[in-house]
Structure formats: structure tokens, C-alpha cells
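Let's take a walk through this structure together, starting at its surface and ending at its charged pairs. Keep the 3D view open as you read.

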Amino acid sequence: GMTVSEVKGFGRQKGHTELYRGAEYMVDFLPKVKLDIVLTDEDVERAIEVKVKTAQTGKIGDGKIFVTDVERVVRIRTAEEDEEAI
């Protein structure tokens with residue numbers, strides 16, 4: 001399963017300064033895309049390889065991949081659980 005979200009945040013690139021009606025102000029949060037992907041354990045390493053290969057530019061802002069355990073998944077419609085629910 002995968003969810004794509006448009007989010008705002010910042011890391012090392014910090015943000016930038018903009019001018020609005022003659023006043024300068026700091027924009028701390030930058031637009032970003034967040035991918036939430038739930039996979040079986042067997043698919044995790046391959047998914048990481050593909051993501052790094054397709055998204056890496058070598059510049060600040062490429063992003064990060066966080067791998068965490070999902071303890072339980074329940075598909076509401078069918079009551080399937082865990083791998084069957086993915």
C-alpha cells in the first residue's frame with residue numbers, strides 16, 4: 001500500500017527569505033512530498049534501492065527513508081489482517 005501526501009517541512013536547506021508588500025520575512029517550511037509505503041519484509045530492500053536510484057540527485061533536499069515496523073494491519077472492508085490486508 002502507498003499514500004502520497006503534499007507536506008511542508010525543512011531540513012538542512014533551512015528555508016528562504018521572501019518579500020511581501022515591502023517586508024522581508026522568512027519562510028521556514030518548504031513544500032515536500034511524503035511517501036508512506038507499507039511492504040512485506042522481503043520487499044523492503046528492493047524498494048529502498050529503487051527509491052534511492054530514482055530520487056538521488058546528490059544535493060541537499062533529496063530526502064530520507066525511514067524504515068519502521070508495522071505491528072498490525074486490518075483492512076476495514078474485509079477484516080483481512082497483516083500481509084493479506086496489504
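Helices and strands here are DSSP runs, numbered from the N terminus, with at least four residues for a helix and at least two for a strand. With that in hand, please keep in mind that this is a predicted model.

A good place to begin is the surface. Met2, Val4, Val33, Leu35, Ile37 and Leu39 make up a nonpolar patch there, and together they offer about 550 Å² of accessible area. Two strands, strand 1 (2-9) and strand 4 (30-37), each contribute at least two residues to this patch. Strand 4 gives the largest share, with 3 residues.

Stay for a moment with Leu35, which sits in strand 4. Its relative accessible area is 36%, so Leu35 counts as partly exposed. Leu35 also takes us to the next stop, since it is among the residues that lie nearest the centre of the largest pocket, along with Lys64, Ile65, Phe66 and Val67.

That pocket has a volume of about 1600 Å³, and 44 residues line it. Strand 1, strand 4 and helix 1 (44-55) each supply at least two residues of the lining. Sorted by class, the lining holds 21 nonpolar, 8 polar and 15 charged residues.

Now move to the segment after helix 1, where you will find Ala79. Most residues other than glycine have a negative phi. Ala79, although not a glycine, has a positive phi of about 65°. Its relative accessibility is 53%, and because the cut-off for exposed is over 50%, Ala79 counts as exposed. Asp82 is found in the segment after helix 1 too, and it has a positive phi of about 55° without being a glycine. With a relative accessible area of 35%, Asp82 is partly exposed.

How many salt bridges does a search of the whole structure find? There are 4. In one of them, the side chains of Arg72 and Glu81 meet at 3.1 Å, N to O. Arg72 is exposed, at 55% relative accessible area, while Glu81 is partly exposed at 31%. Another salt bridge joins the side chains of Arg75 and Glu80 at 3.2 Å, N to O. Here Arg75 is partly exposed at 27% relative accessibility, and Glu80 is partly exposed at 29%.

A further salt bridge pairs the side chains of Lys34 and Asp36 at 3.9 Å, N to O. Lys34 has 41% relative accessibility and counts as partly exposed, and Asp36, at 34%, is partly exposed as well.

Terms used. Residues are numbered from 1 along each chain as its sequence is written. This is a predicted model: local features need pLDDT of at least 70, side-chain atom pairs count only at pLDDT 80 or more; totals for chains, interfaces and linings use all residues. Side-chain values use heavy atoms; hydrogens and water are left out. Patches are made of residues with over 30% relative accessible area and no salt bridge: like charges are joined within 9 Å, nonpolar side chains (Val, Leu, Ile, Met, Phe, Trp, Tyr) within 5 Å. Accessible areas come from the Shrake-Rupley method with a 1.4 Å probe; for residues, only the protein chains shown count as cover. Buried means under 20% relative accessible area, exposed over 50%, partly exposed in between (1.4 Å probe, protein chains only). On a 1 Å grid over the protein atoms alone, a cavity is a set of points where a 1.4 Å probe fits but cannot get out, and a pocket is an open set with protein on both sides within 12 Å along at least five of seven lines; lining residues have an atom within 4 Å of a point. Grid points are joined across faces, edges and corners, and a volume is the space filled by probe spheres set on the points. Ala, Val, Leu, Ile, Met, Phe, Trp, Tyr, Cys and Pro count as nonpolar, Asp, Glu, Lys and Arg as charged, and the others, Gly among them, as polar.
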